[in-house]
Amino acid sequence: MIVKVEIEWLEKMDRELDNNRVPDQEKARIAIWEWKRNSKNESFKDQENTIKIREWFDNNINHHAAKIGPEFIGCYYYDDYFWSLVIPLIYGKIEWKPHYSLISIPPRLKKQIESNSTEYEKLSRHYNNCNIYGREAKRLIACKNPSKYLISADKQLQATVSQLLNDDLSDVVLQSARMSVEMFLKSYLDMFVGLSEAKAKKLGHNLEKILNACKKLDNGTILQYLEKHFEALPNIGDRYSGKSYPRETVWRAYYAAQFTGALICRSFIVMREK
């Protein structure tokens, strides 16, 4: 049982992570997870040791190593924890499977996912959503006169991911996910028919109303799949409640945001190809 984090344990963990080819930027997260998993008492909630682990890896990893940034970083919920799901920049033809993108997860857990067909299918669906979003959103935002709603949605989605990877389960992360969904839907209206400030104000923050406006343009081909994912999203009036939420609820809220972003990007692809 680990009660206090010692330097010897940190050094041993660092060597194990190197042997498993875990990227430097993910070492602290996986070390924290391993420490929590092995601590069978109230120290699970001890922020002092968590901070100590982060600071040790920050001071000891090679910050000057050359790295190529990923296309997009999402996250995946497994074994009661949120893990980085990295969508890489790929040049040429190489084989890349969804579980390769779980770069920070311990090999033992990765093998569990690979051997479970239901879990692997779930991972594959989410990986595809992150992959489509990562490639297309970046291009749409970089184009001339991008939708301000899409820019806002992307910021809110990235904030959601960042909060989850920092184990933030507060109402703030659910509101970030909810706001990203709202902004994605408004970006759809903006890209297809234009959305003035007056029209946006008239729609307000009512997701059902905004989605129905989108469906009139979509003819029920893509956006019909969205509504069932909205159940996990909080009402706009629940802001600043200060509540913490179960991890499964937080995961479903994030999934709704990521799924919405991917579907909106698919719609833009279809529109571009017509």
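What share of the 274 residues in the chain is buried? In this predicted model, buried residues make up 50% of the chain. The surface that the chain exposes comes to about 14,700 Å², with carbon and sulfur atoms supplying 50% of that area.

Turning to the overall architecture, the chain holds ten helices and two strands. Read from the N terminus, the elements follow the order α-α-α-β-β-α-α-α-α-α-α-α. Contacts across the sequence are also informative: of those between residues at least 6 apart in sequence, 70% link residues at least 24 apart.

The interior is a good place to look next. The largest nonpolar core contains 79 residues, and Ile53, Phe57 and Leu185 are the ones with the most contacts inside it. Helix 10, spanning residues 247-273, contributes the most to this core, with twelve residues. For Leu185, leaving aside residues up to four places away in sequence, the residues touched are Leu207, Ile210, Leu211, Cys214, Leu226, Phe230, Thr260 and Ile264.

One helix pair deserves a visit of its own. Helix 4 (residues 107-115) and helix 5 (residues 117-142) have axes that come within 5 Å and cross at roughly 100 degrees. Angles of 65 to 115 degrees count as roughly perpendicular, so helix 4 is roughly perpendicular to helix 5. On the helix 4 side, Ile113, Glu114 and Ser115 make the contact, while helix 5 takes part through Ser117, Glu119, Tyr120 and Leu123. By character, the residues of this contact between helix 4 and helix 5 are three nonpolar, two polar and two charged.

Notes: Residues are numbered from 1 along each chain as its sequence is written. This is a predicted model: local features need pLDDT of at least 70, side-chain atom pairs count only at pLDDT 80 or more; totals for chains, interfaces and linings use all residues. Side-chain values use heavy atoms; hydrogens and water are left out. Axes are lines fitted to C-alpha atoms, for helices over the stretch in contact, and angles run from 0 to 180 degrees between N-to-C directions. Helices (H or I, at least four residues) and strands (E, at least two) are DSSP runs, numbered from the N terminus. Angles under 35 degrees count as roughly parallel, over 145 as roughly antiparallel, 65 to 115 as roughly perpendicular and the rest as oblique. Contact means heavy atoms within 4.5 Å. Ala, Val, Leu, Ile, Met, Phe, Trp, Tyr, Cys and Pro count as nonpolar, Asp, Glu, Lys and Arg as charged, and the others, Gly among them, as polar. A nonpolar core is a set of buried Ala, Val, Leu, Ile, Met, Phe, Trp, Tyr and Cys residues joined through side-chain atoms within 4.5 Å. Buried means under 20% relative accessible area, exposed over 50%, partly exposed in between (1.4 Å probe, protein chains only). Accessible areas come from the Shrake-Rupley method with a 1.4 Å probe; for residues, only the protein chains shown count as cover.
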